[in-house]
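Dear colleague,

I am handing over the structure that we spoke about, and below it you will find my notes on what came out of it. Please read them with the structure open beside you.

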Amino acid sequence: MSDKQDDQQDMVEISRRRLLGTAGAAGAAGLVLGAAGGAATYAAAGEPSGGGDAPALATVGAGTVPFRGAHQAGITTPLQARGHVVAFDLAPGAGRKEAVALMRRWSAAAELLMAGRPVGDGDSGVARDAGPCSLTVTFGFGASFFDRTGLVARRPAQLEPLPAFSADRLDARRSNGDLWVQIGADDALVAFHALRVIQKEAGAAAKVRWQMNGFNRSPGATARPMTARNLMGQVDGTNNPKPTDPDFDRRIFVAAGGDQPWMTGGSYAVVRRIRMLLDDWEKLPLEKQERVIGRRKSDGAPLTGGTETTKPDLDKLGSDGKPVIPVDAHARISAPEQNGGAAMLRRPFSFHDGIGPDGTPDAGLLFICWQADPLRGFVPVQRKLDRGDALSAFIRHEASGLYAVPGGPADGEYVGQRLLEG
Ligand SMILES: C=CC1=C(C)c2cc3[nH]c(cc4nc(cc5[nH]c(cc1n2)c(C)c5CCC(=O)O)C(CCC(=O)O)=C4C)c(C)c3C=C
Ligand SMILES: [Fe+2]
């Protein structure tokens, strides 16, 4: 290793230990604040590591998320600038033995990658010179995995297929899959490198079924920590459950004592590729756009007034006698109080896959949400949205997946070991 590489490795290690200390004190979940949390991590990781001010790019590079813990990384981790999601199907003839070896290989690779280290002698070097950049690699199992591995008795009831919704326009080839991997990082090369490693490590055991790419705002892009915006220009993520909420863990993570003990500390990910009909949306005057959501576009404040964090007054009537937040406003219909308390942690990436022959962008939201039980999270809310959401005219659900994401690995464990060997 050159002196420069040594110095960089030292910087990464020091920042990593400092960040782990912070995470340990606050609890891993304490790091999540949507985009605002991204900036918090940025600042925490950016403390001078060798004295003096570290350059901005090095601070992004130094952000590290622990691989091991009660929960997998990439759930309560602040939104990252770049994301890849990829589903695999086990190869014909591959079963539980091959799945065990695969999860061992993937876990070992993910731990190295997330620490900013190369994987094996043949590492391509794509991420060389960069730090870990808050890389996370998160693994999940689809319902079909349990058939393929003879583990049907351990398939959680929560993996029952999602109901069909009237507005679904789903492409089966880009939906579901035996295994699902979510990769996020604050650098595109680091994220791509991780995706290549995961694909290569799959070897002959599993083949890519579908793969999607996404992005969010880069850490440090705003003058102060702010909630992210989506490709419609809305502030998106405001009313996410907060790790400081007393019922956060209960809503997002599977509690101990359930009928599938291997899922303790795990969560269920619902993934939807939602195309935005941006040409139609952008023609809509601002005032109408705001009524579709029920919040101001400029700062995300509810139409009933205040700031972004003010609670919407769903009962308030305007001078015309009608609710100020319309009855079909997206934020009204999706609110927990309108859905028997159903809540989820939304942690999306935007996507843009080019411009079609008709000139319309193939762009939208890789909507990823996390919950302890989809029947008390995504399903009731989407049922309600499906019936009367003003946003429906401007979006199209094109692909769907539901995955059981086990808890984080303890020391010496690989992800999913309690399922595969328990
Ligand atoms: C079934 C769940 C949901 C889907 C699908 C969904 C799609 C979707 N949402 C936006 C934009 C916004 N959503 C907002 C709030 C919001 N959305 C959901 C659920 C789904 N959204 C929930 C549970 C909430 C929170 C409701 C509340 O508690 O008030 C907002 C408002 C700001 C915020 O709180 O985040 C926006 C904006 C898009 C563009 C979209 C599909 C492309
Ligand atoms: Fe929403």
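Two strands are taken to pair here if DSSP finds at least two bridges between them. Please also keep in mind throughout that this is a predicted model.

With that definition in hand, the pairing around strand S3, residues 179–185, can be described. Strand S1, residues 82–90, is joined to S3 by 7 bridges, and the two run antiparallel; within this pairing, glycine 83 has glycine 184 as its bridge partner in S3. Strand S2, residues 136–141, also runs antiparallel to S3 and is joined to it by 6 bridges, with isoleucine 183 of S3 serving as the bridge partner of valine 137. S3 itself is mostly covered, since 7 of its 7 residues are buried. Leu179, Val181, Ile183 and Ala185 point one way from the strand, while Trp180, Gln182 and Gly184 point the other way, and all of them are buried.

For the protein as a whole, the secondary structure comes to 12 helices and 9 strands, and buried residues account for 48% of the 422 residues. Of the contacts between residues at least 6 apart in sequence, 78% join residues at least 24 apart.

Two domain annotations come from the UniProt record, in both cases from an unreviewed entry. The one named "Dyp-type peroxidase N-terminal" covers residues 72–216; that span is 28% helix and 22% strand, and its end C-alpha atoms lie 20 Å apart. The one named "Dyp-type peroxidase C-terminal" is listed by UniProt for residues 227–408; this span is 19% helix and 23% strand, with its end C-alpha atoms 27 Å apart.

Next, the ligand. Ligand 1 is surrounded by 26 residues, of which the closest are Gln234, Thr238, Asn239, Ser334 and Gln382. Two or more residues of this shell are given by each of strand S5 (267–276), helix H10 (330–333), strand S8 (361–371) and helix H11 (378–388). H11 gives the most, with 4 residues. Sorted by class, the shell around ligand 1 has 13 nonpolar, 10 polar and 3 charged residues.

H11 deserves a paragraph of its own. Which of its residues are buried? They are Phe378, Val379, Val381, Gln382 and Leu385. These residues cover an arc of only 165° around the axis, and therefore sit on the same side of H11. The general background is that an α-helix has 3.6 residues a turn, so residues three or four places apart point the same way. What covers the buried residues of H11 includes S5, H10 and S8, and these elements also appear among those that give two or more residues to the shell around ligand 1. Gln382 is listed both among the buried residues of H11 and among the residues closest to ligand 1.

There are also two backbone points to look at. Most residues other than glycine have a negative phi. Cysteine 133, however, has a phi near 55°, a positive value in a residue other than glycine, and serine 134 has a positive phi of about 60° although it is not a glycine either. Cysteine 133 lies in the loop between helix H4 (96–114) and S2, and serine 134 is found in the loop between H4 and S2 as well. Cysteine 133 counts as buried because it has 30 C-beta neighbours inside 10 Å, and serine 134 counts as buried because it has 31.

Another loop residue, isoleucine 325, is placed between helix H9 (286–293) and H10. Is isoleucine 325 buried or exposed? It has 24 C-beta neighbours inside 10 Å and therefore counts as buried. Not counting residues up to four places away in sequence, isoleucine 325 touches Gly294, Pro302, Leu303, Thr304, Pro312, Leu314 and Arg332. Of these contacts, proline 312 is 13 residues away in sequence, and its C-alpha lies 8.2 Å from that of isoleucine 325.

Finally, glycine 422 belongs to the segment after helix H12 (417–420). Glycine 422 counts as exposed because it has 11 C-beta neighbours inside 10 Å. Its C-alpha atom is separated by 40 Å from that of arginine 217, which is 205 residues away along the chain.

With best regards

Technical notes
Residues numbered from 1 in each chain as written. Chains lettered and ligands numbered in written order. Predicted model: local features only at pLDDT ≥ 70, side-chain atom pairs only at ≥ 80, totals over all residues. UniProt positions renumbered as here; feature names shortened; annotations may be inferred. Near = placed C-beta within 6 Å. Nonpolar A, V, L, I, M, F, W, Y, C, P; charged D, E, K, R; others polar. Buried ≥ 20, exposed ≤ 12 C-beta atoms within 10 Å, placed from the backbone. Arc of directions from axis to C-beta. Contact = placed C-beta atoms within 7 Å.
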